[in-house]
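Have the structure open beside you? Let's walk through it together, one stop at a time.

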Amino acid sequence: MLSLGFLIVAAATTANAFWMAEIPHQGIAAYNPDPNYQIFRNVKEFGAVGDGVTDDTTAINNAISFGDRCAPGPCNQSTTTPATVYFPPGTYLISSSIIDYYYTQIIGDPTDRPILKAAPSFNVRYAMGLIDANPYTEQGRLAYGPTNVFFRQIRNIVIDTTAIPAEENAMGIHWPSSQSTSISNCDFKLAEGPQSRHVGLSIEAGSGGFLSDLTFYGGMIGARFGNQQYTVRNLKFYNAQVAVSYIWDWGWTYRSLHIENCGTGIRMGDAVAVTLLDSTFRNVGTAIETNRSPNGYREDTAGSVVMYNVVFDNAAEILRGPQGVIIPGRDVSFAHVGFAMGHIYDPFGPTDFAGSAPALFPPPPRCLLDADGRKYYERSKPQYEDEPVNVFVSARQFGAKGDGRADDTEALNRLFSFTAAAGLIAFVDAGTYFVSDTVFIPPGARIVGEALSSYLLGGGSKFSDMEAPCPVVRVGHPGDEGSIEWSDMILGTRGAAPGALVVEFNLHAVEEKHEPSGMWDVHVRLGGYPGTEQRLADCPTRPGEELATADPVSEHCIAAWGSMHITRSAAGLLVENCWMWVGDHDLEDPEYRRVSLYGGRGILVDSEEGRLWFSASSSEHHVLYQYLFQGSRNIFMGYAQTETPYFQPNPPAPEPFSVLPAYYDPDFEEMCCGRERSDPNDPALATNADLTVPCAMAWGLVVRDTRDFFVYGAGLYSFFNDYDTSCSREGGGALCQQRIFEVTGTSNPAVVVYNLNVIGARAMVTRDEEDIAWFDDNRAGFTTCIAVYENGGVDENGPGCLPLDHAE
């Protein structure tokens with residue numbers, strides 16, 4: 001047995017130094033052609049001074065670009081050139097934009113956050129932010145496709161534009177990005193006053209995403225948003241003319257938002273739906289401004305608002321619409337009954353609704369709240385800034401190679417067992433760790449990956465049986481008690497793995513004894529990148545071919561049995577900014593060309609006790625379903641996003657997988673029997689008797705025999721039929737699939753969903769096999785609130801379903 005002294009690296013040489021600056025960086029990019037490619041870069045080693053006087057622009061940009069990386073413009077995407085660009089404490093003066101590259105983590109020292117400060121001469125005319133994460137090309141297009149910008153972070157940085165004259169159009173960060181991205185623990189210092197034209201954070205496109213622990217001071221606009229969906233948590237705004245201004249959105253969920261001393265809190269503009277939880281507006285002129293009128297809908301913008309546990313302290317106006325004040329200024333709290341404005345869908349609707357109704361806002365169970373019982377439980381990703389470097393143990397020290405060739409199963413098992421027992425932290429250096437058998441994570445483990453390029457890929461005969469899934473990673477055994485912390489890793493498979501369950505989570509965090517377990521930025525990514533052996537040349541698309549009958553699916557392209565199973569014995573788990581993704585395209589292909597890959601199930605939950613929080617979670621392109629909850633309880637979700645596989649219905653679900661009743665698989669043959677056409681109750685059939693909509697398509701969300709289930713924002717999307725988007729085009733009637741969200745066998749109170757966004761599916765909600773909310777181009781594309789109770793969706797105390805009016 002190796003001794004503790006042999007395993008631990010040297011102690012930090014600088015008092016209170018951040019461990020990331022001190023630990024040996026031995027990570028490798030296994031599929032980069034340069035064996036000496038450098039992943040970790042300290043900007044001072046590239047010539048940055050950080051004294052607030054020297055111009056550090058060139059040095060910082062050199063640190064980012066070093067090593068023939070995926071630059072915006074020449075390169076669209078790549079996983080082979082990851083980088084962590086580290087900023088020690090200091091003030092880094094810049095005179096032009098810092099250009100962020102694909103797959104880059106920009107990280108400052110959280111113990112003394114570095115300042116990125118614009119020089120007075122910073123030329124805003126030719127710059128899109130102090131950090132430009134997606135520059136515009138000469139042709140006026142974003143260099144990276146904004147819906148394909150994945151796997152990058154900015155954290156622990158102070159952005160300071162105050163030296164730029166207030167009347168100039170300065171911007172802090174330009175961030176058009178998508179899933180598995182984040183900005184966290186950053187401050188934005190902007191010029192204050194009515195003359196200021198500074199903007200802190202700007203996002204105009206993409207399919208995100210997550211923001212947390214950000215503070216904005218001053219500015220014309222603190223944050224300007226335009227994106228399909230986002231979850232934001234613990235954002236604070238002070239002294240801005242407008243704290244948040246929208247260009248557009250489909251759905252945004254705010255938690256722990258604080259806006260103080262601002263002229264306008266949230267200006268919704270062309271936003272479709274905004275959900276506010278556990279938030280405060282203090283000393284504001286207009287707290288929320290919407291384009292929606294409480295007595296009528298708009299075809300172009302929905303302007304739906306849902307609030308729960310939101311406090312207004314000295315707000316001149318709480319809610320203003322196009323025709324004037326909807327809720328006048330006063331000190332008010334929607335802590336117990338909440339507030340919703342949108343369309344009511346009931347047997348007599350849809351009609352307009354604006355107000356509070358107890359039936360729409362049942363109180364959440366106490367076990368989902370924080371220790372004070374005042375708001376939903378939340379916890380930021382640990383950075384271990386108070387831990388010395390000698391607490392971290394590298395995977396390399398236990399013999400793991402991470403080169404994509406060696407079998408690292410035994411080494412990782414020894415690493416996780418040793419560090420959990422010793423109270424240490426496992427540091428999984430960047431690399432590709434192939435495993436041929438299950439890797440076990442015991443109670444008490446703390447695991448940190450590097451640069452979002454610590455890959456764990458399972459492959460081989462252990463994962464070959466489609467009828468008997470085998471975990472690639474098992475967290476705890478059934479009956480184990482305790483909790484773990486796990487962050488910044490990517491999990492997947494290699495080659496055909498039809499029996500691979502990527503993550504099996506069994507651990508029970510006893511409510512009275514343990515902090516809930518946490519997974520932050522732990523992503524499942526199946527196929528479509530080097531090391532998986534399932535790329536464009538291996539698994540090309542075959543649109544138009546009759547795969548289901550004439551030519552079966554290639555077994556080599558079956559990537560996994562499923563992504564994650566939270567089992568019956570599990571309880572107490574926070575999953576934040578984790579993306580379960582079956583690749584739809586090759587991440588190395590410059591043209592974003594599609595691949596056909598098959599992952600069976602997304603996230604299966606049959607936890608009896610629950611106490612599960614899914615924050616900024618996403619599950620996409622699995623054949624049977626994206627989320628399935630069976631016999632569980634005490635669930636929080638927000639914002640949750642899904643997509644149906646692009647190849648369906650060719651072949652239809654569940655092909656190429658078998659239906660396994662022991663794992664609660666949907667039986668598509670039974671479900672779709674006699675439903676070759678859309679449901680006869682579908683109002684669209686009144687004008688189109690020949691309407692045919694596929695039935696055997698993956699579910700977005702299935703909820704069975706589950707109670708105390710609260711969803712604060714969800715986007716369930718179906719864009720394709722056999723790689724053709726005609727079925728989801730605006731005004732096309734949502735013809736991609738018949739059903740996408742099912743609730744069955746619930747008890748009161750069971751399932752409450754706010755701001756449900758549906759694209760491409762005829763039926764928005766199916767309740768015990770009956771479709772109760774239909775898509776309509778003008779009315780039911782998005783839903784403000786669905787409260788599904790035992791009596792089928794309408795409570796005697798108030799409305800049960802509030803769809804909105806715009807589809808895309």
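What follows is a tour from the whole chain down to single residues.

Keep in mind from the start that this is a predicted model. The protein has 808 residues, and 67% of them are buried. Its secondary structure comes to 5 helices and 51 strands, so strands are what you'll be following most of the way, a helix being a run of at least four residues and a strand a run of at least two. Now look at how the chain folds back on itself: of the contacts between residues at least 6 apart in sequence, 70% link residues at least 24 apart. On the outside, the protein exposes about 25800 Å², with carbon and sulfur atoms supplying 48% of that area.

Let's head inside. The largest nonpolar core holds 122 residues. Which of its members touch the most others? They are W19, L412, W486, F505, F614 and F741. Strand β41, residues 622–630, gives this core its largest share, 6 residues. There is also a second, separate core of 90 residues, and Y103, I203, L276 and V284 are among its members. Back in the largest core, pick out L412 and see who surrounds it. Setting aside neighbours within four places in sequence, L412 is in contact with A395, A400, Y433, V435, V439 and L456.

Next, the empty spaces. Rolling a probe the size of a water molecule over the atoms shows where empty space is left. How many cavities of 30 Å³ or more does a search of the whole structure find? The search turns up 5. The largest cavity has a volume of about 160 Å³. Its lining is made of 20 residues, and M20, R155, V448, G449 and D488 lie nearest the centre. Several elements give two or more residues to that lining: α2 (19–22), β6 (104–108), β9 (152–155), β30 (446–449) and β33 (485–493). By residue type, the lining of the largest cavity splits into 10 nonpolar, 7 polar and 3 charged residues.

Now for a helix. Find α3, residues 57–65, whose buried residues are T57, A59, I60, N61, A63 and I64. After α3 comes G67, which has a positive phi, near 100°.

Time to visit a few single residues. S618 sits in strand β40, residues 610–620. Is S618 buried or exposed? S618 is buried, because its relative accessible area is 5% and the cut-off for buried is under 20%. Not counting residues up to four places away in sequence, S618 touches Q179, C578, W579, M580, Y627 and Q641.

Another stop is E260, in strand β17, which spans residues 258–260. With a relative accessible area of 18%, E260 is buried too. Leaving out residues up to four places away in sequence, E260 touches F237, Y238, N239, R282 and N283. One of these, Y238, is 22 residues from E260 in sequence, yet their C-alpha atoms are 5.1 Å apart in space.

Just along the chain, have a look at S256, in the loop between β16 (242–255) and β17. S256 isn't a glycine, but its phi is positive, at about 55°. S256 is also buried, with a relative accessible area of 8%.

Further on, R762 lies in strand β48, residues 761–767. At 5% relative accessibility, R762 counts as buried. R762 and C736 are 26 residues apart in sequence, and 7.8 Å separates them in space, C-alpha to C-alpha.

Finally, some backbone details. Which residues does a cis peptide bond join, with omega about -15°? That bond joins G638 and Y639, and Y639 is found in strand β42, residues 633–643. Another cis peptide bond joins N650 and P651, with omega about 5°. P651 is in the loop between β42 and α5 (668–671). The loop between β42 and α5 also holds Y664. Y664 is a residue other than glycine with a positive phi, near 65°. Is Y664 buried, or partly exposed? Y664 counts as partly exposed, because its relative accessibility is 26%, and partly exposed covers the range between under 20% for buried and over 50% for exposed.

Technical notes
Residues are numbered from 1 along each chain as its sequence is written. This is a predicted model: local features need pLDDT of at least 70, side-chain atom pairs count only at pLDDT 80 or more; totals for chains, interfaces and linings use all residues. Side-chain values use heavy atoms; hydrogens and water are left out. On a 1 Å grid over the protein atoms alone, a cavity is a set of points where a 1.4 Å probe fits but cannot get out, and a pocket is an open set with protein on both sides within 12 Å along at least five of seven lines; lining residues have an atom within 4 Å of a point. Grid points are joined across faces, edges and corners, and a volume is the space filled by probe spheres set on the points. Ala, Val, Leu, Ile, Met, Phe, Trp, Tyr, Cys and Pro count as nonpolar, Asp, Glu, Lys and Arg as charged, and the others, Gly among them, as polar. A nonpolar core is a set of buried Ala, Val, Leu, Ile, Met, Phe, Trp, Tyr and Cys residues joined through side-chain atoms within 4.5 Å. Buried means under 20% relative accessible area, exposed over 50%, partly exposed in between (1.4 Å probe, protein chains only). Contact means heavy atoms within 4.5 Å. Accessible areas come from the Shrake-Rupley method with a 1.4 Å probe; for residues, only the protein chains shown count as cover.
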